[in-house]
Amino acid sequence: MNIKYRQLKAFLLAVETRSFTRAADELGVTQPSFTALIRDLEKVLDIRLFDRTTRSLVLTRAGGEFRDRIQRPIADLDEAYRSMADLAAVRRGAIVIGVLPSTALTLVPPTLGKLRLLHPALQVQVIEAHNDELIGMLRINQVEFALATVLDAAPDLDFKPLLQDGFVAAFPSGHPASEHAALTWNDLVPYDLILLSRGSSARSQFERAVSLDNGPSGQRVDVTNMTTAVLLAKQGLGVAVLPRLALPALHLEDLSWRPVQDGSAQRTIGLIHRKDREMSPAGSAFFQVLRGVAHELRQVEAGGAPR
């Protein structure tokens, strides 16, 4: 049996309007085409659905039973179509994104602000975590995508680069590090350091770059939060190693900073998602706005000179 949705929709419109002419107008077809739809449906069912005269259109008993059986399924199908259309047009939807703390302070707030103006019904959940944890969450589908960096080969992941970032060393005025115009990782080894905890890209890149036999090293303080690192540095407890991207939000008053200029002190931040998962319409909308925000940030980032 080959019954088409358009035939069923035509039948229900005829029932609702009690007129082939009005039903044809609502369906957007000519009356002869509409009549052919009903005739074809009756042929497939092998039963008459309407008693029709020039003045009236009345359901047969079989037509009434058919109406009762298909009204709810067709209404559900129409609602499913509208729901999918809303998702495709981002009139509704939800996304879960994982973000680096540095991007949570800089890229994410303006992106969500602009996204709200464009798609006010879109629900966004933001999970903030260090880089290694974000990659892990992405691989087990806890997040749709991650705003992070890729430090190791990841053939299962797709990476869309957004901007370049680096690391800086922040310290109180008068610290010996201030004698340098720029620093290397190995320059930092003798100093007491305040490092973001393992799993962060800052910590990973530092530990990969620093030689184990590079002479005496200072004390190391592990922290989870960049704000904590700044406060400890202000107390003279060490040099804080921080992402340059986050500096505008970290209130570095009373601190000086220098860039770490090793090639290994650079990272590319981008949007990462699984290659075997298609990005949702809501996710694509987020990415389009995010890309614009990253472009604006790249245009102004050259203005931050060391102090």
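For sorting a lining by class, Ala, Val, Leu, Ile, Met, Phe, Trp, Tyr, Cys and Pro count as nonpolar, Asp, Glu, Lys and Arg as charged, and the others, Gly among them, as polar. With that in hand, the predicted model can be checked for empty space inside. A search of the whole structure turns up one cavity of 30 Å³ or more, with a volume of about 80 Å³. Its lining is made up of Leu100, Pro101, Ser102, His130, Asn131, Leu196, Ser200, Ser201, Ala202, Met226, Pro243 and Arg267. Two helices, α5 (101-105) and α9 (201-209), are the elements that each give two or more residues to this lining. Sorted by class, the lining has six nonpolar, five polar and one charged residues.

Next come the nonpolar cores. In soluble globular proteins, nonpolar side chains tend to be buried together. Here the largest nonpolar core holds 36 residues, and Leu107, Leu134, Leu147, Phe286 and Leu290 are the ones that touch the most other members. Both strands and helices feed into this core: β3 (94-99), β5 (145-148), β6 (157-172) and β11 (266-274) each give two or more residues, and so do α6 (108-118), α7 (131-139) and α11 (281-300). Helix α11 supplies the largest share, eight residues.

Leu134 is worth a look of its own. Setting aside neighbours within four places in sequence, Leu134 is in contact with Gly98, Val99, Leu100, Ile127, Ala129, Ala146, Leu147 and Ala148. Of these partners, Leu100 also lines the cavity, while Leu147 is among the core members with the most contacts to other members.

There is also a second, separate core, this one of 35 residues, with Ala170, Leu183, Val239 and Trp257 among them.

Conventions
Residues are numbered from 1 along each chain as its sequence is written. This is a predicted model: local features need pLDDT of at least 70, side-chain atom pairs count only at pLDDT 80 or more; totals for chains, interfaces and linings use all residues. Side-chain values use heavy atoms; hydrogens and water are left out. On a 1 Å grid over the protein atoms alone, a cavity is a set of points where a 1.4 Å probe fits but cannot get out, and a pocket is an open set with protein on both sides within 12 Å along at least five of seven lines; lining residues have an atom within 4 Å of a point. Grid points are joined across faces, edges and corners, and a volume is the space filled by probe spheres set on the points. Helices (H or I, at least four residues) and strands (E, at least two) are DSSP runs, numbered from the N terminus. A nonpolar core is a set of buried Ala, Val, Leu, Ile, Met, Phe, Trp, Tyr and Cys residues joined through side-chain atoms within 4.5 Å. Buried means under 20% relative accessible area, exposed over 50%, partly exposed in between (1.4 Å probe, protein chains only). Contact means heavy atoms within 4.5 Å.
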